[in-house]
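Here are my notes for your first look at this one. Have the sequence and the 3D view open as you read.

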Amino acid sequence: MARYKIYETVEKIVKNAKQNGVAHLTTEDKKLDNNKIQIKGESYVNFGSCSYLGLEFNENIKNGAKQAIDDYGSQFSSSRAYVSPRFYDELETKLSKIFNASAVVTPTTTLGHIAAIPVLVGPNDVVILDHQVHSSVQTAVALVKAKGVKVEMVRHNRMDLLEDKIKEYKGEYDNIWYMADGIYSMYGDAVPLDAVYALMDKYEQFRFYVDDAHGMSCYGKHGRGYVLAERDIHKQMVMATSFAKAFATGGGALLFPNAELAMSVRSLGGPMITSGPMQPSSLGAAIASADFHLSEEINEYQEELQENIKYTHLMLSKYKLPNLAADFSPIFFVGVGLPKIAYSLVNKLMKDGFFLNIGIFPAVPIKNTGVRFTITRLHTFEQIESMVKSMASHFLTVLKEEDFSVQQICQAFKIEDIYSENLEGEALLLNENQLTLEHADTILDIPKSQWDTLLGNRGTFDWNGLNLLENSFKNNELDEENWGFDYLTIKDKNGKVVLTTFLTTSMTKDDMLSPEDISYEIEQKRINDPYFYTSRTLQVGSLLTEGNHIYLDRTSEDWKQAMTMFLTKVSEIQEINNANSVMIRDLSMIDNEMDDFMINNGYFKMEMPANNKIENMNWTDDLSLKESLSKRSKKHITQDVFRHKKKFDVNVIENCSEKNIQKYYELYLNVKSNSLALNTYKLPYELFRKFATNKDWEFITLSLKSEFTSEEDNEAIAVCICHKGEENYSFLLVGVDYETNREHNTYRQAMYRVLLRAKELGYEKVELGYSAVTEKRKFGATQTQSCAYMQVKDNYNMESLNALSISKSNKNLKI
Amino acid sequence: MNLTKEEFSLFNLKSRLKLLKKDGKLLRQRYPGEYMLVSLYSIYGFHIETIYHVDNFKTLSVNSILNPDVYQLYPP
C-alpha cells in the first residue's frame, strides 16, 4: 500500500538529531587529551571512538606519519596502476606477515569492497548477503547486481538457511558468495565462524567474503582480527579490513588466500586503477602500526581492552540497563526503543560530561533505536562506571518524560524483561491532560451518529460500511480472509473526541508493492507455500478502504498527547495480534509537524500509491464530458469509449441472485489474477454476497448486445462494484472478461459507465481508488499523494525483497 | 557499584589493582619477609590481600581472602 520514502525519513532523523545536539558535532580541542573531547565549550569523555586500542597517541605511529611526510611530502599523486610510493611494498609485506595471507592495501575499506567484489564475483555467481552486513559491502554488491548477478539475503547468522541456499544453488551457479561482517557494527555480535568454515570445507563452490573492520587489532595474534584470530584464511575466502578503527592510521586492506587472486584485484579493481592512493602520512603511520602489531606489546593492549569490556558489561548489568551487545566486543548498545528517547538520554548524558552515539534507523529498525557506545583501552573504570551510573539515573526519567516503559523496550527488542522489577518508580505513563481512551473491537459498540459525524463522509468506511466489512471478514476458512477490527477513540477531559479511527489486522503479502516480475516469481513459490513472504499487518483503515481514516482534532491542545496515547495502544494491539508491521496510512504527504512526531516515535515515512479522484462532474452529456478533458484524453474517449458505447447493455443491480454473484466474482478474479501491481490476497466470496444485499452498494454490469456477440445468454462481461456514500460515489472493484476486453474496450467502458451512474445519482465527486493511474487520468481523474508511517518489527522480508536481483531479461529467478 | 568476590576474581591482576585503587580501602599492612609487603584491603564488603615485591616494584598477587584466620597475622 505504500512505497519507500526512506531518504526523507533519514533526513528528518539527522535533522532531529542535529537539533537535539547529538549529531553533526565538531570538536574544538586545539590538542586532544587522551579520550576527552571538547564540543561547544564543554569537555566530554568520548564513548564514541572506534580507536579501541588507543593507538592514535602512540609516539612511534605518530612519528611514522611525520617521517613519511618529511620523505615524500603531503601526498604522492599517482594511480597505483602506474607507480606506488615505496611505503606500499613495505606495508603489504608486513601485513602479509600479520595475517599470514596475501595483502592488498586500499585507501579505505569501502573502496576495497568496490575494488574486490566486482572482480571476484563472476556473471554466473550468486551473492547471499547477511541481513545485517555493513552497508559498504551492499554498496559494492550493487555494482554486480546492476550487471545482472543474482543477489539475495539470508536472515542474520542463520547458517541452516544459508546451507539450504547453498544446496539449492550449487548445481546452478559457479560460486555461491556469502557476505558478512566479522563483528557487526551495531550490536557487536559476530559471524559464526566455526559454521562458516565448516560450510567452506563441505562445499567447494561456497565462497566467504567478510568485512572485519571492527575486529581488526582487537583480537588474535598480531591483532589480525576477530575472523582470523584462531584460524588461517581459508582458500575459499577473502577478507576486507580497516585501518581506520583500532589500527589507528586510516586506510584498509584486502586479504587473499593466494597471491594470484590478490594480483587480480590489484590489477583489475576499479579504485586500484582510477582512485588516488593512500597518502604518505597514512602509509608511514600504517607501517609503524604494523610494527606495533608484530610486537608482543599488542597482547597487553588487547588484554586491557578486554578488561574494560568485561567491566562495562558488569556495570550495565548491575545498573539494570537493557544491554544488547555481545559480551566480547567493544561495541555496546543499550536499547531505548524510540528515537525521541535516545535523543533525550544522550542529551542528558552529554550534560553529565559523556559523549555517546545513537544507534538509529536505517542502521537498525526504527523501533529498535538505542544508545550505542564504544569502549576503548583508554577508558578508566571510573569513567566507565560514572557513565553507566549517569545513564541509569536518567533512564527512567526519560522514559517517563516520553511516555514509554521498560516493558515496551523489551517488547521491541524481543528480550526478557528482567529490568522493570528492579527499577524503582517504573514508568506510569503520564496523562497530565486527563485524556481517556475507549477501545472497541466492533463498530456495533460505537454510536453510529458519533462515527458518521466524524468519519462518515470520508469513503466507504462509514458505520454501515464497517459493519459490512466486519461481517464479511469473519468465520472464513482462510487466514487472510479473517480480519481483526479495533476501534480507538480518545476524548479530552470534557468528553470531546480528539482522535478516533479504526484499525484492521490482516495477513498481507510482503511483496504487495514490489515490481510485478518479483511478485510473479513469488507467486510461483506460493503455489506450494501459500504463506511464503507474508506477514500480519496492523493498519489504520483496511485493505479495502481508502482515504484519511483518522479523525484528529489538530486544533485541540491535546492532539499530540492523544497521538502518543494512540500509538501506545497500537503497540499493545500489535503485540496481542502478533502483527509484524504497523501502518498509519493515508495521511498528508506534506506535514512537517506530523513527520517529526511520527519519526521521533519510531515510524518511518513512506509514499502511498496515488489515489485517483474525479472532482469535476460539471458536465451534462458526452460532448461536455469530452470538452472537460485534455486534448489527448478527448481523442481517447472518442475512440476507445464512445465508439463502443452502442455495443453495451448496462444494468444497475442492487439485489442479485446467487448465480449472478458467482458470475461477478469470477469476473473479479479475472482482474485479480491479472494484476500484480498491488499484490493482495483475493477477496472472500462472502464479501460479494454482502455487497449484493446492502443498500449502500450496487453492481453495474455490462453485457454485449446480441448483435455484437455470438453468445446466446447475454451474460455480463464486466462488473463494477460501487459504494453510494453521502457525498462520494466510490468505484471499489472491477471484474472483466479479458477475452472480449481487447475488442470492445470493456474496462474503459466500465469506468465510463461508473461516471455516468455517479452523474445520474447526483454525486459531485467520484473516488476511483489506487492503481491504473494512466487509465483513470484519461477520464479526468486527479491524483492525491498521501503518505504512510510504518513500523516493522522484523524487516528481513522487506529488505530481502529489496535486495533481490531481477534482471528484466532473467525470468529464471529463484527465491 | 559493588562487585561480588566471584566477579572481582574475573579480572586480571592489573585490573584488580585498578579496582582497589578506585573502590578499595587500605586497612592494614604487614612485612612477612624482607622483600614482601602484604596489604589488606576492604572492598565491596569483602577483603583482599595484595602481595608486593618491594625490590622488584611489582605486585605479585591480588586475591580475596578465603581463610578468615589470616586477619590474625596483621598487627593490631
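1. Let's start with a term: a salt bridge here is a side-chain nitrogen of Lys or Arg within 4 Å of a carboxyl oxygen of Asp or Glu. By that rule, A:Asp622 and A:Lys645 pair up through their side chains, N to O at 2.6 Å. A:Asp622 sits in helix H20 (residues 622-627) of chain A, while A:Lys645 is in the loop between helix H21 (631-641) and strand S23 (648-653), so the pair ties together parts that are 23 residues apart in sequence. Helices (H or I, at least four residues) and strands (E, at least two) are DSSP runs, numbered from the N terminus.

2. A word on the ground rules. This is a predicted model, in which local features need pLDDT of at least 70 and side-chain atom pairs count only at pLDDT 80 or more, whereas totals for chains, interfaces and linings use all residues. Residues are numbered from 1 along each chain as its sequence is written, chains are lettered from A and ligands numbered from 1 in the order in which they are written, and side-chain values use heavy atoms, with hydrogens and water left out.

3. Back to that pair: buried, exposed or partly exposed? Buried means under 20% relative accessible area, exposed over 50%, and partly exposed in between (1.4 Å probe, protein chains only). A:Asp622 is partly exposed at 23%, and A:Lys645 counts as partly exposed at 28%.

4. How many salt bridges does a search of the whole structure find? The count is 51 over all chains. One of them joins A:Asp553 to A:Lys496, with the closest N and O atoms 2.9 Å apart. This pair links distant parts of the chain, 57 residues apart: A:Asp553 is in the loop between strand S19 (551-552) and helix H18 (559-576), and A:Lys496 is in the loop between strand S16 (484-491) and strand S17 (497-509). A:Asp553 is buried, with a relative accessible area of 8%, but A:Lys496 is partly exposed at 46%.

5. For a local case, look at A:Asp452 and A:Lys448, whose side chains meet in a salt bridge (3.5 Å, N to O). Both lie in helix H15 (residues 448-455), four residues apart, about one turn of the helix. A:Asp452 is partly exposed at 22%, and so is A:Lys448 at 38%. Elsewhere, salt bridges link A:Glu8, A:Lys12, A:Asp595 and A:Lys605 in a network.

6. Now the cysteines. With a disulfide taken as a pair of cysteine sulfur atoms within 2.5 Å, the count over all chains is zero. For A:Cys50, the nearest cysteine sulfur is that of A:Cys218, 9.5 Å away. A:Cys50 is buried at 17% relative accessible area. A:Cys720 has the sulfur of A:Cys722 as its nearest, 5.6 Å away, and is in no disulfide. A:Cys720 is buried too, at 0%.

7. On the surface, A:Glu711, A:Glu712, A:Asp713 and A:Glu739 form a negative patch. Such patches are made of residues with over 30% relative accessible area and no salt bridge, like charges being joined within 9 Å. A:Glu712 lies in the loop between strand S24 (697-704) and strand S25 (716-724), and is exposed at 81% relative accessibility.

8. One last spot to check: A:Ile590, in the loop between strand S20 (581-588) and helix H19 (592-600). A:Ile590 counts as exposed at 75%. A:Ile590 and A:Ser786 are 196 residues apart in sequence and 8.3 Å apart in space, C-alpha to C-alpha.

Terms used
Patch = residues over 30% accessible without salt bridge, like charges linked within 9 Å, V, L, I, M, F, W, Y side chains within 5 Å. Areas by Shrake-Rupley, 256 points an atom, 1.4 Å probe, with all protein chains shown as cover. Lys, Arg positive; Asp, Glu negative; His and termini not counted. Charge placed at Lys NZ, Arg CZ, Asp CG, Glu CD.
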